[in-house]
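Q: Could you walk me through this one? I'd like to talk about pockets and then a strand.
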Amino acid sequence: MAPHPDRLLPPDPGVRAIARSIYSSVAGAPIYSPHGHVDAALIADNRPFGNPAELLITPDHYVTRLIHAHGIGLDQLGVKNPDADPREIWRLFCSHWDVFAGTVVRYWFESELSEVFGITDVPSAETADQIYDQLTEQLAKPEFHPRELFDRFNIAVLATTDDPSADLAAHKTLAADPDFHGAVVPTFRADRYMSPDVTGWKGYLDELGQAADIDTGSYAGLIDALKARRAYFKECGATASDSGMPDAYAEPLPDAECERIHQAGIAGTVTAEDAAAYRRNMLYQLAAMAAEDGLVMQLHADVVRNYDDASFQRFGPDTGHDLPGPSTFTRGLRRLLNDFGRSETFRLVLFTTDETAFSREIAPLAGFYPSVYVGAPWWFIDTPGAIARFRAAAIDSAGFSKTSGFIDDTRAYCSIPARHDMSRRVDAGFLAELVATHQLAEDEAHDIAAGLVGRIPVNTFRLDRYAR
């Protein structure tokens with residue numbers, strides 16, 4: 001299992017030679033990961049990883065969902081099942097290696113196993129135990145601890161995703177450590193507080209109120225608490241917020257109406273219609289806060305969360321049964337962009353799992369509004385083919401500089417370099433085609449490639465203080 005040096009580069013020899021040159025110029029560039037889900041405590045504590053299954057299989061719903069699609073229970077893969085045997089989990093993965101053929105998961109795993117851990121055997125039922133033992137031996141070595149891998153992966157910035165009530169202790173520990181080279185920064189994600197019909201909403205309000213030392217029993221108190229926690233996140237290094245919403249509608253309501261709905265939410269009597277109106281108001285209010293404090297606003301919209309009821313009840317969220325839905329941004333964000341779209345302090349990065357939205361809505365919005373940026377493909381479409389289609393769809397309207405740079409959006413820590421390398425190869429091929437068809441000079445293509453992995457994500461996410 002030795003990944004080919006020309007993987008993902010164009011097949012035409014002449015174009016491939018250009019792509020090789022472009023790729024080689026950025027292959028070793030630092031990684032900026034401005035949106036992801038790795039726990040900061042993993043790096044701050046720097047404890048050895050437990051076992052191969054715990055590290056590579058169980059927490060990665062890209063992996064577990066496809067094995068589940070072939071009849072294997074999520075519990076057998078260790079999801080919410082601490083009694084599952086990690087070696088058996090690894091055997092299940094290896095015996096299903098064939099189901100990943102042609103998928104981006106296969107690409108990431110081949111790169112990860114080979115280049116991070118030095119594995120040469122192809123996973124299979126016959127090789128599973130041998131590979132498991134090799135990985136276990138590697139993980140016990142100090143050079144495979146999280147901080148050492150952070151340096152080896154050449155990560156400049158790793159953004160996490162954090163609830164506003166989080167104390168951010170791990171982030172502060174890393175920021176204060178003179179021996180830690182790099183930045184692990186929090187991202188403010190207030191999803192739990194947006195909809196008053198969410199189960200446990202009142203308890204979430206109480207947690208937030210305690211963290212902010214502000215009474216959140218009123219709508220005004222909730223707004224004040226969110227503002228206070230945003231300020232705290234900025235003090236701890238945050239440059240961005242994120243919102244994962246059922247839709248991209250943002251419409252303000254009168255304060256009195258918000259207070260009425262807020263109290264109905266606390267009482268448990270809120271209607272679905274009122275809850276949706278409240279959520280859309282809250283999205284607008286977060287944009288108003290972003291225009292004030294400068295935290296870059298990320299919006300991931302129109303994903304159908306927790307689609308499978310039985311799986312959600314048994315295993316909870318983020319276990320592989322979120323599904324893409326059609327996206328609509330232009331109509332839903334009209335009021336928001338009319339109010340904040342030309343603001344120098346406001347910045348909005350739009351993400352979708354609906355490929356048609358790139359050319360139809362997101363890129364045209366980014367091609368007009370100074371505040372709007374096209375978020376890279378994520379979940380379901382963070383694949384080589386989809387990234388190439390994204391470039392073709394978005395660049396015509398928005399150009400390269402109004403895109404976000406690659407987003408790995410992962411909990412799978414050891415896959416981060418493989419994911420970024422994949423994007424760099426695909427972009428090298430895309431740029432090489434523009435050179436070969438005389439749409440770009442080769443030196444300009446090299447400059448754009450460098451920008452896509454450096455100045456573009458740094459600029460988009462306001463990471464200047466962390467730039468290398």
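A: Sure, and a definition to begin with: Ala, Val, Leu, Ile, Met, Phe, Trp, Tyr, Cys and Pro count as nonpolar, Asp, Glu, Lys and Arg as charged, and the others, Gly among them, as polar. This is a predicted model, where local features need pLDDT of at least 70, side-chain atom pairs count only at pLDDT 80 or more, and totals for chains, interfaces and linings use all residues. Residues are numbered from 1 along each chain as its sequence is written, and side-chain values use heavy atoms, with hydrogens and water left out.

Q: Thanks! By class, what does the lining of the largest pocket have?
A: There are 16 nonpolar, ten polar and 14 charged residues in that lining. A pocket here is an open set of points on a 1 Å grid over the protein atoms alone, where a 1.4 Å probe fits, with protein on both sides within 12 Å along at least five of seven lines; lining residues have an atom within 4 Å of a point.

Q: And which helix supplies the largest share of that lining?
A: That's α13, with four residues. Helices are DSSP runs of H or I, at least four residues, and strands are runs of E, at least two, numbered from the N terminus.

Q: Switching topic: is strand β6 mostly covered or open?
A: Mostly covered: six of the six residues in β6 (296–301) are buried, meaning under 20% relative accessible area with a 1.4 Å probe, protein chains only.

Q: Which residues sit on each side of β6?
A: Val296, Gln298 and His300 are on one side, with Met297, Leu299 and Ala301 on the other.

Q: How many bridges join β5 to β6?
A: Six, and the two strands run parallel. Asp242 stands opposite Gln298 in β6.

Definitions and conventions: Buried means under 20% relative accessible area, exposed over 50%, partly exposed in between (1.4 Å probe, protein chains only). Two strands pair if DSSP finds at least two bridges between them.
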